[in-house]
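Colleague: I am new to this structure and would love a close look at one part of it. Could you walk me through a single strand and its surroundings?

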Amino acid sequence: MFIEFKLDEDPFINFSQPRTSSSNSATSPPLLNPFLKTSVDAQTTCGQITAYATSHMSAQYRTHVFFVLICKDHARLIRWDRSGAIVTEPILYNETPQLFDFFIHFDHSPPDVRGQDTTVRLANSEDTKDAVNAVEELKELKKAQVPLLVVSVPNPTTREPSQYVIAAPFASPWVPVGRWTRTSIGYDIQRKMSIFMKDSWRLDLPGVPKEGDVYSNFKVYGVPNVPRCSNSGDIGDDTYHATRTNRIVNENWVSPYKYNLTKHRHYRLILDDVGLPLDRFNCSREMVRAVRAALVGNFFLGIVESLSF
């Protein structure tokens with residue numbers, strides 16, 4: 001968890017303060033304050049704490065992140081997830097115990113409450129040995145002292161989830177909200193083979209199909225030249241693996257601005273075909289064949305999508 005101290009102004013508007021009107025006329029509508037102040041110092045602080053949250057959520061597998069911003073005599077608690085950020089009103093920590101209470105609760109909370117993705121663990125020596133012997137990419141990353149992880153994906157054909165060895169993620173400069181697609185070349189512990197894993201936060205909206213269901217339709221219709229999907233599904237439950245910011249953004253106690261934020265749901269996809277980067281083709285013939293295969297596959301994809309969706 002990050003804690004940032006600032007001697008500059010608080011970048012957020014305090015909505016507990018009385019709102020002003022554009023004039024003294026009783027018929028004039030009130031001026032609705034924006035969520036963020038527009039001063040240079042405020043924008044700089046917002047950029048800084050966003051960068052911290054981005055580093056935290058990209059360098060680890062997390063469902064959400066807590067952040068404490070302290071500006072002079074008050075603090076604000078911030079909770080980030082893939083839909084946005086929830087910011088509290090100012091906490092006067094010299095007068096009220098809420099900040100102290102938060103630290104006590106955080107200290108005693110289990111990992112999933114803190115935001116840790118409990119479907120991910122460090123790979124043990126047995127997992128690592130088998131994985132690096134089967135997947136050259138994992139072998140090179142282990143030599144570079146990159147930690148290896150084991151991630152779980154629910155398997156509809158078995159009672160136990162399937163487990164896959166991948167490399168730990170690196171920090172990236174993306175904004176912390178959105179789909180946050182991360183791909184990894186990994187190792188299937190059950191089937192003892194290399195796989196391609198896609199970890200993302202899909203759009204949880206009516207009419208938007210899950211990617212694994214799309215691959216299932218491709219298989220039914222015999223679409224050529226598309227990867228084989230061996231497993232996919234939502235991760236965990238809605239308690240922590242679904243975004244919360246979108247659920248409360250339009251509550252009565254929220255700021256007078258109303259937003260429509262998209263719900264995101266944690267999702268993983270496993271493909272059995274691992275492609276090669278373009279710069280690893282041995283000759284131009286291989287490049288031309290790959291492009292032709294993609295064009296043929298895309299032609300059939302268009303037909304199937306028009307029939308299915």
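Colleague: To start us off, which residue has its backbone oxygen 2.8 Å from a polar atom of the side chain of Arg 76?

Modeller: Happy to help, and please keep in mind that this is a predicted model. The residue you are after is Thr 88: its backbone oxygen lies 2.8 Å from a polar atom of the Arg 76 side chain. A polar atom of that side chain also has the backbone oxygen of Phe 12 at 3.5 Å.

Let us place this arginine. Arg 76 belongs to strand E3, which spans residues 74–81. Arg 76 counts as buried because its relative accessibility is 4%, and the cut-off for buried is under 20%. Leaving aside residues up to four places away in sequence, Arg 76 touches several stretches of the chain. Among its contacts are Asp 10, Phe 12, Ile 13 and Asn 14, then Phe 67, Val 68 and Leu 69, and finally Val 87, Thr 88, Glu 89 and Pro 90.

Now widen the view to the strand. Strand E3 is mostly covered, with 8 of its 8 residues buried. You can follow this on both faces: one side carries His 74, Arg 76, Ile 78 and Trp 80, and the other carries Ala 75, Leu 77, Arg 79 and Asp 81, all of them buried.

Next come the partners of E3. Strand E2, residues 65–71, runs antiparallel to E3 and is joined to it by 7 bridges. Within this pair, Ile 70 stands opposite Ala 75. The hairpin of E2 and E3 has 2 residues between the strands, and Lys 72 takes a positive phi near 60 degrees there.

Strand E4, residues 84–87, is also antiparallel to E3, and 4 bridges join the two. Here Ile 78 of E3 faces Val 87, which stands opposite in E4. The connection from E3 to E4 is a hairpin through 2 residues.

If you would like to trace the strand on screen, try starting at Lys 72, with its positive phi near 60 degrees in the hairpin of E2 and E3. Then find Ala 75, which has Ile 70 opposite, and go on to Arg 76 in E3. From the side chain of Arg 76, look for the backbone oxygens of Thr 88 and Phe 12. Ile 78, with Val 87 opposite, then takes you across to E4.

Terms used. Residues are numbered from 1 along each chain as its sequence is written. This is a predicted model: local features need pLDDT of at least 70, side-chain atom pairs count only at pLDDT 80 or more; totals for chains, interfaces and linings use all residues. Side-chain values use heavy atoms; hydrogens and water are left out. Buried means under 20% relative accessible area, exposed over 50%, partly exposed in between (1.4 Å probe, protein chains only). Two strands pair if DSSP finds at least two bridges between them. A polar contact is a pair of N or O atoms within 3.5 Å; within protein, one must be able to donate a hydrogen and the other to accept it, and residues adjacent in sequence count only if both atoms are side-chain atoms. Contact means heavy atoms within 4.5 Å.
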